[in-house]
Amino acid sequence: MFFHMFRYSLKMLVRNRDILFWSMVFPFVVGTLLYLLLARSFDVEEKFHTIPAAVVLQSEREEYIRLLREAETVQGMPLLDIVEARGEQAEDLLKRHKVKGIIYIGDSLALKVLESGPEQSLLHLIVNRAQRCMDLSLPWKSGEMFIAEKGITGDEMNCAMNFMYAVIALSCLLSALMGCDRMAEGCVCEYGTGIRLRVAPLPQGKGFLADFLVSVMAGYAVVCLLFVYMRFILGIPVGNRYPVIFLAFIAAVGCGVALGMFIGSLPVRRESARLTVLTGTLLVCCALDDLMIEGIRDSVEHTIPLVNDINPAALISDALYSLNLYGTGSRFWADIGKLCGEMVLLALLSLVAGRRRHAGL
């Protein structure tokens, strides 16, 4: 009888086209659009062009010259193409756009540019840093200005990766739609499916388990496909410790399904009201996980860290981030433990609420 309920629940889930779209198609659409918007952030080193700059020596300050030579290459990447020239020659190169700016070396450093842009802004940062190093008698590499976090996998971490991890977290939490639908179908529906489930010769716990497993299985398949799509088709470096990542997805999807089943078990008869509560909950969780605006999660961590400790989206993103950066350390397993704890707690609350509904209390 359990396997019959399992097949029946799966069949009902597959027939719901709305859930299929939002749970299985929408994450791919969001991930693709974000990738198109942030593609330049993932291959900045490949597309980066060395910045040509003219240097005019107004006084023989070897310290400044040494600092600028050290700044030509940062972390093995050619950054500047320095051309020494006289004043008029440098002005001519700047007017003909052969160089992006002129660095004057005198008693201090000065920069002249004709227009604003990212390359001119970077030149400004380099000149300011060189001047600061000179004032404090520090070498250029004493406090590297251009820092890129590198994980043990060799993949670089940047703000764009926060959005990609947030998309994966969104996909995990969208499995809540499946859990909410299956729970509401059995607990709230007072005709057709709901009546058959109430009179079926099967303990409610087994029916609950069948719905839970079906939802987790479907949600897990979608998240794994999304990860493969992002990693191998889009080429986003979301990590390569595949066994641990796929294991983490089980806890993430299970937490999402349990959240949906808990909301589906609430004493609300109108389906639109339940969907409103569920949608609002998912949007708030994902918004606090940097899906809409980068930096919100860090701000919450510094003000109300408890919110990140209970937000499943933030826990999922933080687990993937720490796995890619630090490996399977205590931070990763702490996030997974919190997700499993929330999954068990929400599942138990859903089961108790469902039994009370069946008992007519």
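How far is the sulfur of C224 from the closest cysteine sulfur, and which residue holds that sulfur? The partner is C172, and the gap is 8.8 Å, which is too far for a bond. A disulfide needs the two sulfur atoms within 2.5 Å, and by that rule the count here comes to 0 disulfides. C172 is in no disulfide, with C224 holding the nearest cysteine sulfur. As for where these two sit, C172 counts as buried because its relative accessibility is 0%, and C224 is buried too, with a relative accessible area of 14%.

**The model overall**

Keep in mind that this is a predicted model. Its pLDDT averages 81 over the chain, and 80% of the residues score at least 70. The patch to be wary of is residues 142-156, where pLDDT stays under 50; for that stretch the model has 42 contacts beyond four places in sequence.

The chain runs to 361 residues, of which 47% count as buried. Its secondary structure comes to 16 helices and 8 strands. Looking at contacts with a separation of 6 or more, 72% are between residues 24 or more positions apart. On the outside, the chain exposes about 18300 Å², and carbon and sulfur atoms supply 62% of that area.

**Helix 11 and its rings**

Helix 11 covers residues 242-264, 23 residues in total. From first C-alpha to last it reaches 33 Å, close to the 33 Å expected at 1.5 Å a residue. How many of its residues are buried? The count is 17 of the 23, so helix 11 is largely enclosed by the rest of the structure.

Now for the aromatics. A search of the whole structure finds 9 aromatic pairs, and one of them joins F227 to F249 in an edge-to-face arrangement. F227 belongs to helix 10 (residues 204-233) and F249 to helix 11, so this pair ties together parts that are 22 residues apart in sequence. F227 is buried, at a relative accessible area of 1%, and F249 is buried with a value of 1%. Another edge-to-face pair is made by F332 and W333. Here F332 counts as buried at 1% relative accessibility, while W333 is partly exposed at 45%.

Here is the geometry of those two pairs:

| Pair | Centre to centre | Angle between planes |
|---|---|---|
| F227 and F249 | 5.8 Å | 70 degrees |
| F332 and W333 | 5.0 Å | 75 degrees |

There's also a wider grouping to look at: F227, F232, Y242, F246 and F249 form one aromatic cluster. So the F227 and F249 rings that pair edge-to-face are both members of that cluster.

**A loop residue worth a click**

Where does N311 sit? Its place is in the loop between helix 14 (305-310) and helix 15 (312-326). Is N311 buried or exposed? At 4% relative accessibility, N311 counts as buried. Once its neighbours within four places in sequence are left aside, N311 is in contact with C285, L288, D289 and E342. As for backbone distance, the C-alpha atoms of N311 and C286 are separated by 8.7 Å, with their positions 25 residues apart along the chain.

Note on methods
Residues numbered from 1 in each chain as written. Predicted model: local features only at pLDDT ≥ 70, side-chain atom pairs only at ≥ 80, totals over all residues. Heavy atoms only, no water. Helix = DSSP H or I, 4+ residues; strand = E, 2+ residues; numbered from the N terminus. Expected span 1.5 Å × (residues − 1). Buried < 20%, exposed > 50% of the residue type's maximum accessible area, 1.4 Å probe, protein only. Contact = heavy atoms within 4.5 Å. Areas by Shrake-Rupley, 256 points an atom, 1.4 Å probe, with all protein chains shown as cover. pLDDT = per-residue confidence, 0-100. Phe/Tyr/Trp six-rings, centres within 6.5 Å; stacked < 30°, edge-to-face > 60°.
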